[in-house]
Amino acid sequence: MSTTPMTPSQLLANLTEWGVKFEEYRSWRTHNRDSATGKSFGPVSGFMVHHTGSDASDQRALLYNGVAGLPGPLCHFGLAQDGTVHLIGWGRTNHAGLGDPDVLRAVVNESYDQYPPVDNQSTVDGNDCFYGVEIWYSGGHKMTDAQYATLRRLAAAVCDYHGWSAKSVIGHGEWGSPGKWDPGMSAGRMMDMAAVRADVQSTLDSKVATPSKPTTPTKPAPKPTTPAKPVVDLSKVESAARTNPPMAGRTVTYSGVKTLKAALIREGLLASSDTDGHYGQRVVKAYAAWQRKCGYSGAAADGVPGWTSLRKLAAKRGFTVVR
Ligand SMILES: [Zn+2]
């Protein structure tokens, strides 16, 4: 069992492994409350479920920026009505507030039966030890089926990474913050979290029950009839984008940069003569222009490839992205 928080890359790999559909929002990887509070995120103890109290269809900016008196990020995960997880922040986020030390102890030890102890104290900070998902709905009615299906996978993914059971998953209404009843199922009424935990546990168990690789030999795969697409490793181009520009000459640290540059040339964003594997200043500018085409702005369009923008370029220009 590990209590060290996942890094952003570990999280992305984990979500991919568990088939959680996700989108990255702005600078979520570095957006947190750590430096503002002088406290860091972790060791981590569990996963907390919330409703936002609103049925609005796009709540990313609100969760990212926060509200008056409660600065963002307000969670790690925003869960939209269509079942997509939007990555909002990473590190300490303002979602849990103060809660009950008896509940925390029961979650850490997973030492309770159906429900954690009564949450009648508000003395320990949950923001430094709970991952938090804000589900986009009012709580006055049920969440969508797509949201619930993703909640099960997302909670299972986090528990799987840390070696937790579903007893590490609690609702905000079980935590000890006065007046909270999320995640709701009707006005003022929290979902039955024991039933939610049972569903998360069965999702977790389904992974164990289904081996991911066949153990008996199967028929050899048919020969591909089309040539394989070039592969670009996100972490390697990202590293090239950060280290190459100040290097003298035309230093090449990763050959996949050539594939990326060829795509930028075909997009009309980079001079057609610039075909080597050096990720220089002109490539930073060209990639930033591509990020703006994808709808990013400001610090999110910094010329360093990210998962979403690179996959869009790959889909359009015929290569494959791995990380
Ligand atoms: Zn809440």
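User: Which residue in E9 does glycine 78 stand opposite?
Analyst: This is a predicted model, in which local features need pLDDT of at least 70, side-chain atom pairs count only at pLDDT 80 or more, and totals for chains, interfaces and linings use all residues. Residues are numbered from 1 along each chain as its sequence is written, and side-chain values use heavy atoms, with hydrogens and water left out. Strand E5 (residues 77-79) pairs with E9 in the parallel sense over three bridges, where pairing requires at least two DSSP bridges between the strands. Opposite glycine 78 in E9 stands glutamate 134.

User: How many of the residues of strand E9 are buried?
Analyst: Buried means under 20% relative accessible area, with a 1.4 Å probe and protein chains only. Phe130, Gly132 and Glu134 point one way from E9, while Tyr131, Val133 and Ile135 point the other way, and all are buried. For strand E9 (residues 130-135), which is mostly covered, the count is six of six.

User: What is the bridge partner of phenylalanine 47 in E9?
Analyst: Strand E2 (residues 46-51) pairs with E9 in the parallel sense, over six bridges. Within E9, the bridge partner of phenylalanine 47 is tyrosine 131.

User: At roughly what angle do the axes of helix H1 and helix H5 cross?
Analyst: Axes are lines fitted to C-alpha atoms over the stretch in contact, and angles run from 0 to 180 degrees between N-to-C directions. The axes of H1 (residues 8-17) and H5 (residues 145-162) come within 9 Å. The crossing angle is roughly 125°.

Key
Helices (H or I, at least four residues) and strands (E, at least two) are DSSP runs, numbered from the N terminus. Buried means under 20% relative accessible area, exposed over 50%, partly exposed in between (1.4 Å probe, protein chains only).
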